[in-house]
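Morning, everyone. I have one structure to walk through today. Please pull it up and follow along.

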Amino acid sequence: MQGNLKSVYSQVPLTVVVIGASGDLSMRKIFPAFYALYVQKHLPHKFYIVGFARTPLNTDSFREQIGLWLEKEVRNISLKERDDFIGNCYYCQGNYNNIDDYNRLGKLIEELEKNEKSNKIYYMAIPPFLFLTVSNSLHLSNLSNDSGGQTWTRVVVEKPFGRDRESSDELTVGLQRVFREDQIYRIDHYLAKEVIQNLMVLRFANLILEPIWNRQYVDNIRISWMEDLGVEGRGGYFDEYGIIRDVMQNHLLQMVALIAMEQPIRYEADYIRDEKVKILRCITPVSLSHLVIGQYGPGIHKGEQKVGYREEEGISLSSITPTYSAVVLFVKNRRWDGVPFLLRAGKGLSKKMTEIKVQFKDVPANIFSEIVPHMSPNELVIRVQPEAMIALKIVNKVPGLTLSLRESYLDLSYESAFETRVPEAYELLLLDVIRGDRSLFIRSDELESAWDIFTPVLHELENKRIQPTIYPFGSDGPASADLLASRFGTTW
Ligand SMILES: NC(=O)c1ccc[n+]([C@@H]2O[C@H](COP(=O)([O-])OP(=O)(O)OC[C@H]3O[C@@H](n4cnc5c(N)ncnc54)[C@H](OP(=O)(O)O)[C@@H]3O)[C@@H](O)[C@H]2O)c1
């Protein structure tokens, strides 16, 4: 079955301005993703990628840097295609608040366009405190205009979108002073991961799940996001946000929304986002009694001694920023009332793994319970990483002359089931920005509802200076998270 993939091989040229082009995200993700789109012929015939940042580079040294990063990030790269691609890249050095620099950027774009107006994407690959400075500068230098509707202008913003509901609203209002909401693309790259995209297909293109996808049959839902790395040189950023803002309020909540929402009217961006907003509004704000926070201390992982969070570069010895959190959410609607959604996310843990587990209830009056007294219930496991897979835990008879039962999995591994290259999340997201498909981007009302769930507890944690529990690097997080799960009759 093949969907209708609209070609973007349009005749209208495209200019992408990457603001903060010298940074980690630009080099590791954005340029490789544009390169992949170029190789797959998803970019228009004429396209220009213009880097804008303060770092003293020129077009030649910028191209050289991109070339080196592409060699590092892209497997089996063709040198010819690499050189053709970087031949479309240009650099403009400038300060983020200097209008003269933006005027020079505008001039460069005009020279490239040679009277043939291009569609424009401004990609904000900069720290969030610069978002409004840059959007105001784009406005003051007349770069944010849609050129009378002949071409479009879109802006891509990276998370985090604020620190709480108030700062997120300020950011929204500030951006909307310059761009219309339909021009703003807020990225949550988790939404573009294959398995996450498959959630809606799994639920709404199959019949068998719907009758059991509710409080009558589902006992609990657990989502784990585990990373076996520390802050890896991004301590300054992380310490300001912490794991709840960095991962839970966005990636994990988006997963909850896709699992819990009702079927959209149609498979279209606004209908999908309407349903997500509806379900997020049904979630009661997190309470302190349903929350655990932790912070990694020193530990040993894969035989290597690791420092604790407070010893990481740029982190204060008295930091109380959580690197781990576990919470329980409740969705107050007729489908889910009373079903706990348990979420945990952490850095410095034993492994890298993201998965969703939908645990069903025990079989009533089970005639086999005398043979196996503690039979575990059915469970649907949706694993995002390391290896993408979907598995259903069922109870089976072990072949033989006696009756013996065992739990086993009906599983679908993406790698063996689909002999196709799995695209990087950023490839799909950037292609969607070009196509104007906003399904995988966060709408402002979605953002508001997501912040409403976490803002009160984040403020309470900070006002009361609640100390996180220290757990050793390389462990599975604090024991209090296991206790939290056990209060709801389950384990992670
Ligand atoms: N890296 C990731 O994997 C990742 C993942 C998810 C989201 N994000 C988000 O994506 C955005 C970019 O991330 P990044 O990791 O690429 O950031 P970064 O490397 O810290 O910053 C990008 C560029 O912004 C400029 N910059 C940095 N700090 C600045 C400061 N204090 N004042 C003025 N300019 C500054 C620098 O360019 P110049 O000095 O050349 O001007 C830098 O190269 C951020 O919003 C981040 O939260 C990143």
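The centres of domain 1 and domain 2 sit 35 Å apart, taken over C-alpha atoms. Keep in mind that this is a predicted model. The domain assignment places domain 1 at 14-158. Domain 2 comes in two stretches, 191-423 and 443-487.

Next, the core. How many residues does the largest nonpolar core have? It has 129. Y123 and M124 have the most contacts inside it. Which helix gives the most to this core? Helix α8, residues 235-260, with 12 residues. The core also draws on both domains, taking at least three residues from each of domain 1 and domain 2.

Stay with M124 for a moment. Leaving out residues up to four places away in sequence, M124 touches I19 and G20. It also touches F131 and V134. Then comes a run of contacts: V155, V156, V157 and E158.

Those last four lie in strand β5, residues 153-158. So on to the sheet. It is open, with six strands. The order reads β3-β2-β1-β4-β5-β6, and the pairing is parallel. What stands at the edges? β3 (89-93) on one, β6 (184-187) on the other. Each has a single partner strand, so one side of each is left without a neighbour in the sheet. On average, neighbouring strands are turned by 20° against each other, direction ignored.

Last stop, β5 and β6. Four bridges join these two parallel strands. Look for V155: it stands opposite I184 in β6. V155 is also one of the residues that M124 touches.

Key:
Residues numbered from 1 in each chain as written. Predicted model: local features only at pLDDT ≥ 70, side-chain atom pairs only at ≥ 80, totals over all residues. Core = buried A, V, L, I, M, F, W, Y, C linked by C-beta atoms within 7 Å. Buried ≥ 20, exposed ≤ 12 C-beta atoms within 10 Å, placed from the backbone. Domains from an automatic or database assignment. Contact = placed C-beta atoms within 7 Å. Pairing = 2+ DSSP bridges. Axes fitted to C-alpha atoms, helices over the stretch in contact; angles between N-to-C directions.
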